[in-house]
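Please open the model in your viewer and keep the selection tool at hand, since each stop on this tour asks you to pick out a few residues and look at what surrounds them.

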Amino acid sequence: MRQTWGMELPKVGSLGEYIRQQRQQAKISLRQLAAQAGVSNPYLSQVERGLRKPSAEILNQIAKGLHISAQALYVQAGLIEDREPHSDVLAAIRADVTLTGRQRQVLIDIYESFHKENRAADSARPPQSADDLGDDPVPPRNGITPEKEG
């Protein structure tokens, strides 16, 4: 059983556990990840055990080594709050332990590319008036098109 001496330690521990889980799912050794992240083996081991709290720069390097979003590590570390509207989808993808790290990253990349594409299309479109909003047809659900109320 792990002892905790302060309020920060559980959050740091959960970050370390998250990094270890991501590393194991990616089938990367501690030594390999440490080399890719530019940190020592003992330091990375201490991060994974919750004894060290890495800087944002080190988290970014670890994220690159794991091929995951740095934002995911920032959220785990408590450096930022995940408040994006589509964050539930991203959180679900990241939490799915049945997928490999690479599969999760591909899904995230595809999902984010759709958002980027939509933002670009939205910025190219002339602004809509308030009267124009909400007039889009309701998309079919399970192959059934909803009846329009009249």
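Is N41 buried, exposed or partly exposed? Select N41, bearing in mind that this is a predicted model, and you will find the residue in helix α3. With a relative accessibility of 26%, N41 counts as partly exposed, because the buried class is reserved for values under 20% and the exposed class for values over 50%. Now add L30 to the selection: eleven residues separate it from N41 in sequence, while their C-alpha atoms are 6.7 Å apart. Once neighbours within four places in sequence are set aside, the contacts of N41 are L30, R31 and A34.

**Helix α2**

Those contacts lead to the next selection, helix α2, which covers residues 30-37. Colour L33, A34 and A37, which are the buried residues here. The three lie on the same side of α2, because the arc they cover around the axis is only 100°. Turn to the face directed away from that buried side, and the exposed residues R31 and A35 come into view. Step just past the end of α2 to G38, where phi is positive at about 75°.

Going back along the chain, select K27, which is found in the loop between α1 and α2. Phi of K27 is also positive, near 55°, in a residue other than glycine. K27 counts as exposed, its relative accessibility being 73%.

**The nonpolar core**

In soluble globular proteins, nonpolar side chains tend to be buried together. To look at the core of this model, select I19, L33, V39, L59, I62, L66 and L73, which touch the most other members among the 22 residues of the largest nonpolar core. Two or more residues of this core come from each of α1 (8-25), α2, α3 (41-48), α4 (56-66) and α5 (70-77).

Centre the view on I19 and display its surroundings. Apart from neighbours within four places in sequence, I19 is in contact with L33, V47, E48, L59, I62, L66 and L73.

**Helix α4**

Which residues of α4 are buried? Select I58, L59, I62, A63, G65 and L66, which make up the buried set of this helix. When you look down the axis of α4, these residues fall within an arc of 160°, so they line one face of the helix. On the face turned away from the buried side, you will find the exposed residues E57 and K64. Following α4 comes H67, with a positive phi near 60°, although this residue is not a glycine. H67 lies in the loop between α4 and α5.

**The charged network**

Side chains of opposite charge can pair when their charged atoms come close. How many salt bridges does the structure hold? There are two, and you can show both by selecting R20, R23 and E48, which are joined into one network by salt bridges that share partners.

Begin with R20 and E48, whose side chains meet in a salt bridge at 3.4 Å, N to O. Since R20 lies in helix α1 and E48 in helix α3, the pair ties together parts that are 28 residues apart in sequence. R20 counts as partly exposed at 26% relative accessibility, whereas E48, at 2%, counts as buried.

Then move to R23, which forms a salt bridge with E48 in which the closest N and O atoms are 2.6 Å apart. This pair likewise links distant parts of the chain, with R23 in helix α1 and E48 in helix α3, 25 residues apart. Here both R23 and E48 are buried.

**Q22 and its contacts**

Stay in helix α1 and select Q22. Its relative accessible area of 3% means that Q22 is buried. Leaving out neighbours within four places in sequence, the residues in contact with Q22 are L66, I68, R94 and R104.

**A patch on the surface**

For the last stop, switch to a surface display and select V106, I110 and F114. Together these residues form a nonpolar patch on the surface, with about 250 Å² of accessible area. V106 is found in helix α7, residues 101-124, and counts as partly exposed, with a relative accessible area of 33%.

Notes:
Residues numbered from 1 in each chain as written. Predicted model: local features only at pLDDT ≥ 70, side-chain atom pairs only at ≥ 80, totals over all residues. Heavy atoms only, no water. Buried < 20%, exposed > 50% of the residue type's maximum accessible area, 1.4 Å probe, protein only. Helix = DSSP H or I, 4+ residues; strand = E, 2+ residues; numbered from the N terminus. Arc of directions from axis to C-beta. Core = buried A, V, L, I, M, F, W, Y, C linked by side-chain atoms within 4.5 Å. Contact = heavy atoms within 4.5 Å. Salt bridge = Lys/Arg side-chain N within 4 Å of Asp/Glu carboxyl O. Patch = residues over 30% accessible without salt bridge, like charges linked within 9 Å, V, L, I, M, F, W, Y side chains within 5 Å. Areas by Shrake-Rupley, 256 points an atom, 1.4 Å probe, with all protein chains shown as cover.
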